[in-house]
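Colleague: Could you take me through part of this model step by step, so that I can follow the reasoning behind each answer?

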Amino acid sequence: MPPSPAASAPASRHLRLWWRRRGRAGAVAATFAAALLAAALLLSLSYFASLPLAPASSSALVGLTLLRRAEEKGALCLDGSAPGYHLQRGSGSGSQSWLIHLEGGGWCRNLKSCASRQKSMLGSSHYMEHQVEFAGMLSDDEDQNPDFHNWNKVKIRYCDGASFSGNVKDELQNGTKFFFRGQRIWEAVMDELLMKGLRHAKQAFLTGCSAGGLATYIHCDGFRALLPKDSRVKCLADGGFFLDVEDISKQRTLRAFYSDVVRLQDLKRKFLHCSSSMDPGQCFFPREVVKDIRTPVFILNPAYDAWQVQHVLAPEASDPQHSWQDCRLDISKCSPDQLEILQGFREELHDAMREIKQKKDWGIFIDSCFIHCQTLNSLTWHSPSSPRVNNKTMAEAVGDWFFDRREVKELDCEYPCNPTCHNLVFSKPFKG
């Protein structure tokens, strides 16, 4: 993925990532040599969106479409520009099937961080790439994407800072214009896609990564309601099951962060599952959101989510002695005591999904990798070197579940048991 204009924004930072395969004892078997950039770390807590492992030379480039009459609909990015999406038309047997992907990219918790996003692709279409690669689950290559390659595929760009959920009418905040209109963006883009053929879908799949994965939980039932009753409609969240847990200093860092987001964009009234006694931030966690979902959902998550380890479990503010710095960069460098805490984090994930595991029509794929989003990359989605759980790639597991070929509850063993994992190694920690 080439550097985006947002990579030059003042608050952005460049990161190098490379990939390392871990054997059963954690030894290195091979190293993928690839230099990668991550743009727009614009939150007071840095975010980690989906990052490509390596460029996919056969991936199609798909152009950006800006929403028509966006201003008239009030469906605007943080800076007031029109939101956008990338649409690749399906063909043959996939011409009446649709896969919608909601882009991720963290959240902004206050006006300062939202103002930074206004100067990036996460807050303005002026900074969005005119073309993006469709790889992994969005690929049109049958070898890379056997079940969905010929579907209509859409990537909806993320520019509202609150997982496509805000709907604040007032534009002026402390004398500056901010448009907290994620809900309107969702509705307006869906309306436009329905006119372009989505309303005739025989099969439809709503997916998302990271903050887009959270948005998938939030909008899953609404998506189902838009489509014909006899169509097959399901949802998938990739790296979007964020946990409400204490960090290593016994603080609930992400809950405090989410509370700021919920207050800023007036989100609590959106979540019917929230009681008046709950902290506003609790409403935004998937564990709460999924309680009301009726549409079948596939949860795809790493047990040792790299973003959550760095920003939920062991954020920099919780580690003034920097004792977790090496572990946060490279899971193979975690001490035995740190690994014990990471195993506890894995147990928290499994506990949070205890009831979900009993739902026969829901799917689960939890690998034991140190990574974040995995569906939009050819190496992790479906390739000879893809991570496997019970000898299934995530593409095979998702396809089996979507088409009801079998019940799918793939739960990996504890790190470092899985030699097929691609574990992220960071050159330096994320900065706030």
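**Disulfides and a covered strand**

Modeller: In this predicted model, cysteine 413 and cysteine 417 form a disulfide, with their sulfur atoms 1.9 Å apart.

Colleague: Which of the two, cysteine 413 or cysteine 417, is buried?

Modeller: A residue counts as buried when its relative accessible area is under 20%. Cysteine 413 has a relative accessible area of 38%, so it is partly exposed. The value for its partner is 13%, so the buried residue is cysteine 417.

Colleague: What is the handedness of the disulfide between cysteine 369 and cysteine 421?

Modeller: These cysteines are joined with an S to S distance of 2.1 Å. The pair links distant parts of the chain, 52 residues apart, with cysteine 369 in the loop between strand 13 and helix 10 and cysteine 421 in the loop between strand 16 and strand 17. The torsion about the S-S bond of cysteine 369 and cysteine 421 is about -80°, so the disulfide is left-handed.

Colleague: How many residues of strand 12 are buried?

Modeller: On one side of strand 12, Val297, Ile299 and Asn301 are buried, and on the other side Phe298, Leu300 and Pro302 are buried as well, so that both faces are covered. Strand 12 spans residues 297–302, and the number of its residues that are buried is six of six.

Colleague: Which residue of strand 13 stands opposite proline 302?

Modeller: Strand 12 pairs with strand 13, residues 363–367, in the parallel sense over five bridges. Opposite proline 302, in strand 13, stands aspartate 367.

How values were computed:
Residues are numbered from 1 along each chain as its sequence is written. This is a predicted model: local features need pLDDT of at least 70, side-chain atom pairs count only at pLDDT 80 or more; totals for chains, interfaces and linings use all residues. Side-chain values use heavy atoms; hydrogens and water are left out. Buried means under 20% relative accessible area, exposed over 50%, partly exposed in between (1.4 Å probe, protein chains only). Helices (H or I, at least four residues) and strands (E, at least two) are DSSP runs, numbered from the N terminus. Two strands pair if DSSP finds at least two bridges between them. A disulfide is a pair of cysteine sulfur atoms within 2.5 Å.
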